[in-house]
Amino acid sequence: MSKPSLQLPVIQNWSCHNCGGCCREHLIEITEAEKTRIEKQGWAADKDLKTDKPLIETIGKGRYRLAHQADGACVFLNDDGLCRIHAKFGEPAKPLACRVYPYAYHPAGEEAITVSLRFSCPSVVQNLGQSVSAQSGDLNSVAKEIVAGKRRDHDAPLIHRNPKHGNQQTSWSDFHQFLKTLDDSFADTSVDFVVRLMRAISWMELVEESQFVTIKDAKLTEFLSLISKASVKAQPDNDLPVHRPSRLGRTMFRLMAGQLARHDTEADYQRGLGLRFELLSAALKYTTGWGKVPQLAGSSSVATAFGDGTGSGKSRAVGFAELEHPFDGRQPEIDELFERYFRVKIQGIHFCGPAHYDTPLVDGFRSLALMYPVVMWLARLRAARGGRTSLSLTDVQAALATADHNFGYSPALGMSSALGRVAQLGKLKQVTALVGWYSQ
Ligand code: SF4
């Protein structure tokens with residue numbers, strides 16, 4: 001079988017800095033072959049492994065995952081935060097899932113794969129390490145393993161589902177025209193990031209009103225450029241419209257933010273009823289928006305990389321109302337972080353299609369656009385818990401690492417109720433309002 005061609009993000013660096021976060025916060029599913037390989041490594045006789053349970057759990061017919069220690073960490077993670085399999089047998093002996101993270105590979109054509117990154121990794125958020133484009137050799141080897149024996153004839157994600165005109169499907173080459181126009185709009189650094197985002201939202205609204213049965217190839221290029229000009233006209237360079245989102249818009253937004261902020265690990269799931277009660281009580285608070293924002297289960301890698309934002313270890317209880325006032329501190333570095341995040345997700349098709357609950361381009365982009373106000377809201381919460389009314393870059397980095405852990409991965413966010421909420425926010429024209437409101 002031919003080698004898939006690999007498309008890499010052009011503006012991202014990454015190297016592993018051994019924080020061990022991914023080994024504490026993810027459940028590692030393994031294949032039958034990986035199970036056999038690990039069993040042959042002879043771990044049963046290793047006295048250092050802290051578990052009296054089997055090292056591999058069966059989670060369904062022919063499905064397995066690595067067991068966890070009492071604190072939720074992978075059973076193979078040692079006290080120095082390093083992988084025992086890697087240390088003893090080398091990197092290729094680890095399960096594929098461990099070698100892939102924080103990369104994410106998505107179909108980009110019949111013989112093409114595009115690579116994105118998960119910003120839940122602190123090194124990705126901080127852009128630390130070697131440029132991704134310089135790692136094409138290793139990424140190609142992993143890509144070959146991922147596609148081995150799998151079908152490659154994926155259709156491009158839908159553009160949108162239109163109740164009047166039916167599903168709008170294009171060829172891969174036309175789909176890439178949409179992506180390129182979108183990516184180019186975020187690359188224009190002469191314009192404030194929030195203006196770029198608002199233009200992209202209004203451009204996508206025009207896409208949603210159109211059908212693409214006859215608009216294709218060269219005609220599509222012309223059409224996309226025409227609607228880009230219309231969206232620029234609709235949102236002039238330095239005139240940010242800031243309207244308070246509606247009460248319903250804010251309620252739906254808080255529920256979405258609450259789901260994106262959760263960081264439950266295997267250790268939390270073991271709490272059974274206790275966790276369910278906590279989730280119910282948090283959902284009630286997010287719905288009403290009264291009183292204090294519930295404490296959320298934090299991620300250990302976010303806490304290790306970015307601290308808790310208090311400077312003293314003493315966190316304040318913060319009321320929902322406090323987060324509705326403008327916060328100072330939106331600095332160029334924060335906009336640069338969002339620009340990189342949006343461009344990596346767009347270039348890596350990490351916001352629609354198979355990477356995002358099979359949502360069409362328009363719906364997936366709406367969810368991605370909402371990541372801006374969600375992350376800014378979570379950054380405000382972190383700053384306010386530290387007694388500050390000014391945001392720092394670290395607040396936003398920690399908030400983004402927290403929310404991106406769930407974006408496209410949390411089963412709760414893929415449920416029809418959560419996806420319906422995002423669609424409703426779009427219909428009520430609340431996405432632009434939320435972006436403007438939390439950008440202040
Ligand atoms: S097998 Fe190794 S790399 Fe994979 S989660 Fe466990 S400790 Fe981490």
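User: I'm new to this structure. How do I read which residues are near the ligand, and what surrounds it here?

Analyst: A residue is near a molecule if one of its heavy atoms lies within 4 Å of it. Keep in mind that this is a predicted model. Here the ligand is surrounded by Cys23, Ile28, Leu66, Cys74, Phe76, Leu77, Cys83, Lys94 and Cys98.

User: How does the shell around the ligand divide by class?

Analyst: The shell has 8 nonpolar residues and 1 charged residue, with no polar ones. Cysteine counts as nonpolar in this scheme.

User: Let's turn to empty space. How is it found, and how many cavities of 30 Å³ or more does the structure hold?

Analyst: Rolling a probe the size of a water molecule over the atoms shows where empty space is left. The structure holds 1 cavity of 30 Å³ or more. About 120 Å³ of space lies in the largest cavity. It is lined by 15 residues, and those closest to its centre are Met256, Ser367, Leu413, Ala418 and Val422.

User: Which elements give two or more residues to that lining?

Analyst: They are helix 10 (247-261) and helix 17 (416-427). Helix 17 gives the largest share, 5 residues. By class, the lining of the largest cavity has 10 nonpolar, 4 polar and 1 charged residues.

User: What about pockets? How much space lies in the second largest one?

Analyst: A pocket is an open set of points, whereas in a cavity the probe cannot get out. The second largest pocket holds about 640 Å³ of space. Among its 28 lining residues, Arg161, Glu208, Val362, Asp363 and Arg366 are the closest to its centre.

User: Which elements supply at least two residues of that pocket's lining?

Analyst: Strand 7 (160-162), helix 8 (193-208), helix 15 (361-385), helix 17 and helix 18 (430-438) each do so. The largest share of this lining, 6 residues, again comes from helix 17. The residues divide into 12 nonpolar, 7 polar and 9 charged.

User: Now the strands. In what order do they form the open sheet?

Analyst: The order is 1-6-5, with 3 strands and mixed pairing. Strand 1 (5-7) and strand 5 (103-109) stand at the edges with a single partner strand each, so one side of each is left without a neighbour in the sheet. On average, neighbouring strands of this sheet are turned by 30° against each other, direction ignored.

User: In what sense do strand 5 and strand 6 pair?

Analyst: They pair in the antiparallel sense, over 6 bridges. To see the pairing at one position, find tyrosine 105, which stands opposite valine 115 in strand 6. Strand 6 itself covers residues 112-117.

User: Which residues does the cis peptide bond join?

Analyst: It joins tyrosine 101 and proline 102, with omega at about 10°. Proline 102 sits in the loop between helix 4 (96-100) and strand 5.

User: I'd also like to read phi. What is its value at asparagine 127 and at tyrosine 357?

Analyst: For asparagine 127, phi is near 60°, a positive value in a residue other than glycine. This residue lies in the loop between helix 5 (122-125) and helix 6 (136-147). Tyrosine 357 has phi near 55°, also a positive value in a residue other than glycine. Its place is the loop between helix 14 (332-347) and helix 15.

User: Why is tyrosine 357 called partly exposed?

Analyst: Partly exposed covers what falls between buried, under 20% relative accessible area, and exposed, over 50%. Tyrosine 357 has a relative accessible area of 24%, so it is partly exposed.

Technical notes: Residues are numbered from 1 along each chain as its sequence is written. This is a predicted model: local features need pLDDT of at least 70, side-chain atom pairs count only at pLDDT 80 or more; totals for chains, interfaces and linings use all residues. Side-chain values use heavy atoms; hydrogens and water are left out. On a 1 Å grid over the protein atoms alone, a cavity is a set of points where a 1.4 Å probe fits but cannot get out, and a pocket is an open set with protein on both sides within 12 Å along at least five of seven lines; lining residues have an atom within 4 Å of a point. Grid points are joined across faces, edges and corners, and a volume is the space filled by probe spheres set on the points. Helices (H or I, at least four residues) and strands (E, at least two) are DSSP runs, numbered from the N terminus. Two strands pair if DSSP finds at least two bridges between them. Axes are lines fitted to C-alpha atoms, for helices over the stretch in contact, and angles run from 0 to 180 degrees between N-to-C directions. Buried means under 20% relative accessible area, exposed over 50%, partly exposed in between (1.4 Å probe, protein chains only).
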